[in-house]
Amino acid sequence: MSNSAPTRNYTWQGTDAGGKTVHGEIRSSGAAMVSATLRRRGIQIDHVTPMRPSFGLQPRITAKEITILTRQLATMLNAGVPLLQTLGILAESHANPAVVRLLRAIQTDIATGSSFSEALARFPRYFDVLFCNLVAAGEQAGMLDQLLTRLADYKERHIALSNRVRAALIYPIAIVTVALLVTAVIMIWVVPAFREVFASFGAELPLSTRMVIALSDWLASYWLSAGAVCAAGLTLCFHYWKRSITIQRMVDRLLLKLPVFGPLIGHACIARWSRTLATMFAAGVPLMSSMEIVGKTSGNALYLEASRQIQRDLSNGRSLTQAIAGTGRFPNLVAQMAAIGEESGTLDRMLGKAADFYEAQVNQTVNTLSSVIEPLIMVILGGLIGTLVIAMYLPIFQLGAVV
């Protein structure tokens, strides 16, 4: 039994067939393999150096940058520029060093005999299974530029949808977090100053004031321990959530049942699911092969389970419409659009229209939340801060009444 050698990144410098000095980076299992690979490309190697791992802060490659790259690739390939030349032009013009290294590595893999989809599959952090499958379908059909255009459209819609949902969820969370921090500052540092003033009154304080002071004393004594316990608890929950399918399913089910936010998350999942299936079907990927990928891109464990159930139903001879309706996870509209698409041979178009509808629903919900949640949060925060202020000033008011 043979074990494949571990790979690492190498930098190299050499001379090409025209006598020009060239250099670059390549991932390989050893320096000898690097030299052999580059000699096949007609490059005379001067030196090969293994790259040391860097533990500093590295530039990140964002989903938006990958989407822009996909659009640029599609445009240049459609204009007749060869793939290797396209990758080289994009690498030379990009400002992010991480993107440049990524493009150079893909370019080297293709130059040494890999297909484009195989080269992309070596970087699953940036190119998921959906991306690689569609690129492979485009290579086989000789329409790579068209498939990259579809991918760019898909990723742009996906990012826009995710941003809308994230904006709707982050805004109230951020406001509440700031409010809690402000309240903690008041309780830990401001209330004790009032307590010293009240101690000189020599009279019994109102119940609300005593309760606030007692809570302030507890926070002042244990705020560091309480913060550490909360941080550890959140870290532990996130750890188990990432690794436990059962916990993910429980959390995703809870999210879908939340008032107001539940329908928003559900509509976003359905829009992603429909859009992904429409994109893959239009690229010629069979429905059976698509379901696992479609379920994962929905972003919800319950819709992944529904996709697997649809896959089983399809293998048992049921139609896509019947399989979708049988899950109980999708509205009638999705099943009806799938039925029309199956009958008319336009399944990708009908699923795309369903995705358009639910993306519009998400937009409408986000706009409604923006106009409703802001005054609601202000009322709640005003009530919280106002209660604290009244509780602390009530003894002063009572003292003034006595005088």
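User: Let's start with phenylalanine 131. What lies 2.8 Å from its backbone nitrogen?
Analyst: A polar atom of the side chain of aspartate 128. Bear in mind that this is a predicted model.

User: And where is aspartate 128 found?
Analyst: Aspartate 128 is in the loop between helix 5 and helix 6, the latter covering 129-141.

User: Is aspartate 128 buried, exposed or partly exposed?
Analyst: Aspartate 128 counts as partly exposed, because its relative accessibility is 36%, and that class runs between the 20% and 50% cut-offs.

User: How far is aspartate 128 from glycine 317 in space?
Analyst: Their C-alpha atoms are 29 Å apart, with the two positions 189 residues apart in sequence terms.

User: Back to phenylalanine 131. Which cavity does Phe131 line?
Analyst: The largest cavity. Phe131 shares that lining with Leu69, Leu73, Leu103, Ile106, Phe116, Leu120 and Phe127.

User: Which helices give two or more residues to that lining?
Analyst: Helix 2 (63-78), helix 4 (97-111) and helix 5 (116-121) do.

User: What's the volume of the largest cavity, and how does its lining divide by class?
Analyst: The volume is about 50 Å³. The lining has 8 nonpolar residues, no polar ones and no charged ones.

User: How many cavities of 30 Å³ or more are there?
Analyst: The count is 2. The second largest cavity has a volume of about 40 Å³.

User: What lines the second largest cavity?
Analyst: Tyr154, Arg157, His158, Leu161, Ala271, Arg272, Arg275 and Glu359. By class that lining has 3 nonpolar, 1 polar and 4 charged residues.

User: Which helix gives the most to it?
Analyst: Helix 7, with 4 residues. Helix 7 spans 144-199, and both it and helix 10 supply at least two residues of the lining.

User: OK, switching to packing. How many residues are in the largest nonpolar core, and which have the most contacts inside it?
Analyst: That core has 74 residues, and Ile106, Phe116, Leu148 and Leu320 have the most contacts inside it. Helix 10, residues 261-282, gives the most to this core, with 11 residues.

User: What about a second core?
Analyst: A second core, separate from the other, has 12 residues, including Leu205, Ile213, Ala391 and Met392.

User: Phe116 came up for the cavity too. What does phenylalanine 116 contact, sequence neighbours aside?
Analyst: Leaving aside neighbours within four places, phenylalanine 116 is in contact with Leu73, Leu83, Ile106, Ile110, Val135, Glu139, Leu144 and Leu148. Leu73 and Ile106 also line the largest cavity along with Phe116.

User: Where does serine 114 lie?
Analyst: Serine 114 lies in the loop between helix 4 and helix 5.

User: Why does serine 114 count as buried?
Analyst: Its relative accessibility is 13%, and buried means under 20%.

User: What does the side chain of serine 114 make a polar contact with?
Analyst: The side chain of arginine 122, at 3.2 Å. Beyond four places in sequence, serine 114 touches Asp109 and Arg122.

User: Now glutamine 107. Where is it, and is it buried or exposed?
Analyst: Glutamine 107 is in helix 4. With a relative accessible area of 18%, glutamine 107 is buried.

User: Which residues is glutamine 107 in contact with, leaving aside neighbours within four places?
Analyst: Leu84, Leu87 and Gly88.

User: And asparagine 78, buried or exposed?
Analyst: Asparagine 78 is exposed, because its relative accessible area is 58% and exposed means over 50%. Asparagine 78 lies in helix 2.

User: How far apart in space are asparagine 78 and glutamine 146?
Analyst: C-alpha to C-alpha, 7.8 Å, for two residues 68 apart in sequence.

User: Last one, isoleucine 247. Which helix is it in, and what does it touch?
Analyst: Isoleucine 247 is in helix 9, residues 245-256. Not counting residues up to four places away in sequence, isoleucine 247 touches Tyr240 and Trp241.

User: What is the relative accessibility of isoleucine 247?
Analyst: 27%, so isoleucine 247 counts as partly exposed.

User: And how far is isoleucine 247 from tyrosine 303?
Analyst: Their C-alpha atoms are separated by 15 Å, and the two residues are 56 apart along the chain.

Conventions
Residues numbered from 1 in each chain as written. Predicted model: local features only at pLDDT ≥ 70, side-chain atom pairs only at ≥ 80, totals over all residues. Heavy atoms only, no water. Core = buried A, V, L, I, M, F, W, Y, C linked by side-chain atoms within 4.5 Å. Buried < 20%, exposed > 50% of the residue type's maximum accessible area, 1.4 Å probe, protein only. Contact = heavy atoms within 4.5 Å. 1 Å grid on protein atoms, 1.4 Å probe; cavity = no way out; pocket = protein on both sides within 12 Å on 5 of 7 lines; lining within 4 Å. Points joined across faces, edges and corners; volume = space filled by probe spheres on them. Nonpolar A, V, L, I, M, F, W, Y, C, P; charged D, E, K, R; others polar. Polar contact = N/O pair within 3.5 Å; in protein donor to acceptor, adjacent residues only side chain to side chain.
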